[in-house]
Amino acid sequence: MADSLRRLVGAESGRVLQEKLESWYRDYEINSCDQNLNRCCEIIELNSEIQGQLFTILNETSQEGGHYAGVETIKTRLLPWLGTCFSCATSGRLFETNLSLARDSIEKERQLRELASNQTLQLQELQEELTSTRLQLDHVQQEFARSRSPFPRHSENKSPSPLPLRSCSPGRARRTNASRRACLVARFGDIYAQERLDAETLLRTYVSDMEMVQRIIYIAAVESFHAAKMAYRQFKIRVRETLSLGHSGPESLEDTVLDYVVRHEDLYDVQASVNEVIRSMNISPKISFPPEIDFIVISTLIRELCRVAFSMQTLIPPLDIAFGTDGELFSETKYHRSSDSDFTAALVAYHVWPALMENDVVIMKGEAVTKRGALWSHRSRSRSRSRSTSPLLSHHLSRSRSPSPLRSGSPSKWAY
């Protein structure tokens with residue numbers, strides 16, 4: 001018993017209870033109703049803890065006295081007090097009734113909110129079905145008008161196919177913007193860490209110069225973003241023209257178009273962008289490749305870059321890569337230095353990987369190689385390329401690179 005009493009005295013719970021009561025009394029007039037109720041609950045909880053410890057001490061003390069010691073005290077002091085507490089319990093019925101009514105009111109309000117939310121969702125679904133039906137009706141009317149036209153339908157094959165219609169909740173693109181952005185930034189980092197290294201290993205089997213390998217991969221990344229952005233603009237224009245025929249609803253046309261593009265990213269013709277990237281790389285003056293091998297060997301890297309770049313254009317604001325040129329001043333905020341760089345050099349010899357940007361803010365650093373005399377080396381390369389444009393050498397180069405399937409326009413066993 002002495003140990004329990006010592007712990008109770010050492011905890012100074014009674015002093016803390018008194019201080020809380022005095023503090024509450026001083027602030028009672030300036031507190032809000034919720035603040036006063038919280039103070040009261042704190043004091044009740046602390047008082048119950050003290051009572052629990054006192055009952056423990058009472059139990060231990062009565063056991064020390066044997067079977068009959070303290071019986072008279074319990075009869076005359078404890079039992080009447082307990083009886084008074086139980087008789088006062090009936091006075092708390094009014095509080096319990098009020099509490100029950102408050103709970104019922106809260107539950108009814110929750111049910112009303114759920115009902116209103118369900119009705120809003122049903123209304124949105126009906127509006128989506130109405131828009132879809134209108135688009136289908138407009139398309140059928142156009143087809144019927146063309147079938148009855150007496151003029152030949154030369155442009156029928158050039159007209160875009162009707163867009164597929166899938167249910168989509170309004171504002172989905174904006175609601176998922178943050179999560180989609182995080183996933184795309186992480187995916188861009190994964191491409192740098194995995195697909196880039198795989199392409200680098202593959203290119204080393206054909207090109208012994210490591211600098212040329214890294215230049216090829218950087219040009220592939222730049223051209224992939226350019227091709228994906230062009231494809232996004234064309235796809236968005238086509239969607240806007242189609243949806244504008246029967247657009248109606250609380251959303252603006254631009255938000256509706258963006259929702260559709262986000263919902264139907266699988267309609268993006270990524271292979272067309274891959275082919276466009278390879279064609280651009282074939283005529284790039286900064287890189288070279290053995291004539292018997294085509295850049296399509298790194299099509300996996302190009303395809304993943306095109307997909308990520310296309311999806312990044314659907315963000316608000318869109319993400320893009322930083323513009324970089326050989327011989328530019330090295331920026332610590334945009335790039336990491338490669339391990340083989342001259343860390344005292346101030347100019348970029350060439351880029352290994354582009355930086356990812358959101359407007360003018362760097363989201364993810366790229367990688368660059370810095371060397372002394374980078375500007376002089378860049379000018380020397382430019383002069384050597386300009387000298388290589390003599391008619392005889394140009395004719396020789398065009399003949400040596402003619403076996404490439406995509407360059408010559410003939411069917412390729414690589415194409416798919």
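The largest cavity of this predicted model encloses about 60 Å³ of space. A cavity is here a set of points on a 1 Å grid over the protein atoms alone where a 1.4 Å probe fits but cannot get out; grid points are joined across faces, edges and corners, and the volume is the space filled by probe spheres set on the points. The structure holds one cavity of 30 Å³ or more. Local features were accepted at pLDDT of at least 70 and side-chain atom pairs at pLDDT 80 or more, whereas totals for chains, interfaces and linings use all residues. Residues are numbered from 1 along each chain as its sequence is written, and side-chain values use heavy atoms, with hydrogens and water left out.

The lining of the largest cavity (residues with an atom within 4 Å of a point) consists of Arg 215, Tyr 218, Ile 219, Lys 286, Ile 287, Asp 326, Tyr 350 and His 351. Two elements, helix 8 (210-243) and strand 3 (348-353), each give two or more residues to this lining. Helices (H or I, at least four residues) and strands (E, at least two) are DSSP runs, numbered from the N terminus. Helix 8 supplies the largest share, three residues. By class, the lining comprises four nonpolar, one polar and three charged residues, where Ala, Val, Leu, Ile, Met, Phe, Trp, Tyr, Cys and Pro count as nonpolar, Asp, Glu, Lys and Arg as charged, and the others, Gly among them, as polar.

Strand 3 also belongs to an open sheet of three strands in the order 2-6-3, with mixed pairing; two strands pair if DSSP finds at least two bridges between them. Strand 2 (335-337) and strand 3 form the edges, each pairing on one side only. From one strand to the next the twist averages 35°. Four bridges connect strand 3 with strand 6 (residues 366-370) in the antiparallel sense. The cavity-lining residue His 351 has Ala 368 of strand 6 as its bridge partner. Helix 8 lies across strand 3 and strand 6 and runs at about 60° to strand 3. Contact means heavy atoms within 4.5 Å; axes are lines fitted to C-alpha atoms, for helices over the stretch in contact, and angles run from 0 to 180 degrees between N-to-C directions.

Nine aromatic pairs were counted, the rings of Phe, Tyr and Trp (its six-membered ring) being paired if their centres lie within 6.5 Å, with planes under 30 degrees apart taken as stacked, over 60 as edge-to-face and the rest as tilted. One of them, Phe 188 with Trp 353, is tilted, at 5.5 Å centre to centre and 40° between the planes. This pair links distant parts of the chain, as Phe 188 lies in helix 7 (residues 177-204) and Trp 353 in strand 3, 165 residues apart.

A further open sheet of three strands has the order 1-4-5 and antiparallel pairing. Its edges are strand 1 (319-321) and strand 5 (361-364), each paired on one side only. Neighbouring strands are turned by 45° against each other on average, direction ignored. Strand 4 (residues 356-358) and strand 5 run antiparallel and are joined by three bridges, with Glu 358 opposite Val 361 of strand 5.

Most residues other than glycine have a negative phi, and most peptide bonds are trans. Asn 359, in the loop between strand 4 and strand 5, has a positive phi near 60°. The peptide bond from Ile 316 to Pro 317 is cis, with omega near -5°. Pro 317 is located in the loop between helix 11 (299-312) and strand 1.

Technical notes:
On a 1 Å grid over the protein atoms alone, a cavity is a set of points where a 1.4 Å probe fits but cannot get out, and a pocket is an open set with protein on both sides within 12 Å along at least five of seven lines; lining residues have an atom within 4 Å of a point.
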